[in-house]
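Biologist: Got a minute to walk me through this one? I'd like to start with the core and then move on to the sheet.

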Amino acid sequence: MSATALRTHRAGELSRAHLGQAVRLGGWVHRRRDLGGLVFIDLRDRAGLVQLSCNPDWTPPAVMERAASAGAETVVLVTGTVALRPEPARDRELASREIEVHVTDLEIAGPAQTPAISVARKDKEELAAEELRLRHRVLDLRRPELQQNLILRHRLLQRARRTLTELEFLEIETPILTKPTPEGARDYLVPSRVHPGEFYALPQSPQIYKQLLMVAGYDRYFQIARCFRDEDLRADRQPEFTQIDLEASFVSAEDIQQVVERILVDLWAEAGVAVARPFPRLAWRDAMERYGIDKPDLRYGYEIRDLTPLLGGDAAPFLADVRTAGGRVRGLVVPGGAALTRKDLDALAASAKEAKAGGLIWARRGSGAWEGQGVKAAGQILLDALGGREGDLLLAVAGPDAVTSPALHAVRTALTRRPDVQPTQAHAFTWILEFPLFELDPATNQQVPAHHPFTAPHPADRDMLERAPGQARALHYDAVYNGNELGSGSIRITEPALQRRIFELLGMSEAEIRRRFGFLLDGLAAGAPPHGGFALGFDRIAMLLSGATSLRDVIAFPKTTTARALFEGAPTPVSADDLLSLHLKRAEE
């Protein structure tokens with residue numbers, strides 16, 4: 001720092017190494033304590049806290065007076081000398097808490113009103129309600145935990161850039177004002193002032209642009225991409241979000257997966273966690289069969305099994321009816337689960353019912369006696385067939401897979417959240433492969449892309465496009481971590497004729513295809529290399545690595561679950577004149 005700098009050090013960076021040094025600091029009053037003519041201030045900046053000691057032995061009277069008047073969150077400029085704190089007050093766990101600054105001068109640089117929310121919380125003091133914190137986001141962002149989250153976010157972004165650059169990817173920006181695309185959610189539309197009646201869309205992803213960059217010969221692309229989706233929100237969704245986007249030419253799915261694994265291993269290392277690669281692979285059908293979901297948490301057991309072949313002719317009538325209707329009885333074994341109370345079992349049954357199951361079948365043997373619900377005498381046979389022992393519990397659901405899979409996933413999740421259940425590993429990554437190319441939209445009963453319409457079909461299933469498109473697999477792959485989807489990718493369609501056929505199977509007319517995707521088809525017709533890519537949900541990665549429970553805790557200015565920005569008050573109505581300049585008017589006018 002220069003001799004005239006307002007600050008020579010950050011507060012949280014001071015340590016024994018600075019003993020005896022004259023320092024200038026700038027920061028916020030975290031706490032102030034007045035003790036019989038002495039004033040102690042915890043000064044906070046983004047590096048942490050240091051104690052300021054104001055004592056008549058070294059602090060002039062006018063400075064003592066200013067220090068005693070400095071309220072919470074006031075910005076102060078301080079001059080002083082670094083000294084050891086008295087022995088009982090030293091905190092050797094934190095270098096800046098071993099020392100203090102003997103204040104010789106203190107100026108009020110930024111007076112603060114009484115803060116609407118507390119930044120300096122006492123031990124176990126609850127946070128203010130989230131809506132209030134979002135309305136006063138500037139104060140909320142001063143909390144050390146949020147600052148550490150955003151500092152980690154910065155480090156993770158730089159690590160991702162470094163890794164991809166080392167792998168010879170080029171960082172290239174793609175347009176924010178673009179053309180509406182079918183990405184599975186509504187577009188945010190932007191009216192054009194200079195082209196009346198026409199609209200841009202904010203990108204749901206850079207998908208088509210990054211494919212065109214491959215056609216243009218750039219070979220390896222990445223971008224820290226801002227994306228926008230106008231969809232219903234949850235705790236792990238935001239209308240605008242950041243993804244680590246990449247695409248590469250002359251690659252297989254395995255090549256892309258190796259790149260993504262390298263990125264994830266490096267990001268986890270940046271956060272201080274060592275993980276090994278390669279990650280295990282699991283086909284989508286196997287994931288759904290064994291765990292009831294395509295993003296399974298593999299830290300736990302409780303694998304789902306098909307019990308239908310084990311049921312004899314004396315099965316309960318309702319089980320026979322399910323089997324006759326084409327459904328199945330599927331379940332899992334809980335080692336030691338016979339000790340669960342009826343209240344525990346009722347809670348598990350409620351989880352299954354919330355997932356639309358009719359009920360939960362269970363059987364257990366404890367102290368030599370069998371009891372159960374829904375299977376009666378068959379319970380012992382089923383539990384024995386699954387390798388269960390005395391003291392174990394069988395849980396099962398009957399019905400079509402569309403019912404049993406989500407219900408058993410809900411039951412499995414409820415089991416893993418019990419305080420007496422411990423994971424077998426801390427960090428469980430896996431790849432989910434061979435997703436369906438299409439899925440049925442229950443609202444329209446029409447085939448829609450399982451992900452997006454640019455995904456190549458599995459070579460072995462290409463002939464199914466004409467006779468059974470719903471059974472065709474895709475060259476699509478998801479990265480999953482501890483039950484969280486981190487991102488998705490695929491090998492892309494490069495043949496214009498095949499891409500056109502996919503559009504036709506989705507019900508698009510030739511005119512619509514040309515209007516919406518003519519530029520893509522023209523690009524592919526110019527000579528497209530085999531290529532594929534991936535997009536990692538960066539906000540979610542930052543959330544997981546910081547230990548936060550909401551994306552809002554790793555985004556500086558997030559939206560609420562209703563897509564509102566409470567701090568600045570957006571969205572907001574605009575004047576009739578502003579609308580008129582965009583060639584728009586309100587519907588009621």
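Biologist: Which helix gives the largest share of the largest nonpolar core?

Modeller: Keep in mind it's a predicted model, where local features need pLDDT of at least 70, side-chain atom pairs count only at pLDDT 80 or more, and totals for chains, interfaces and linings use all residues. Residues are numbered from 1 along each chain as its sequence is written, and side-chain values use heavy atoms, with hydrogens and water left out. The core (buried, under 20% relative accessible area, Ala, Val, Leu, Ile, Met, Phe, Trp, Tyr and Cys joined through side-chain atoms within 4.5 Å) has 53 residues, and Leu-246, Leu-264, Trp-268, Leu-486, Phe-534 and Leu-536 touch the most other members. Its largest share is 9 residues, from a DSSP run (H or I, at least four residues, numbered from the N terminus): helix 6, residues 253-270.

Biologist: What is the order of the strands in the open sheet?

Modeller: Strands are DSSP E runs of at least two residues, and two of them pair if DSSP finds at least two bridges between them. Strand 6 (170-171) and strand 11 (281-283) each have a single partner strand, so one side of each is left without a neighbour in the sheet. The pairing is mixed, and the 8 strands run 6-9-10-22-21-20-17-11.

Biologist: Over how many bridges do strand 9 and strand 10 pair?

Modeller: Arg-220 stands opposite Ala-248 in strand 10. Strand 9 (residues 220-228) and strand 10 (residues 240-249) pair in the antiparallel sense, over 9 bridges.

Conventions
Buried means under 20% relative accessible area, exposed over 50%, partly exposed in between (1.4 Å probe, protein chains only).
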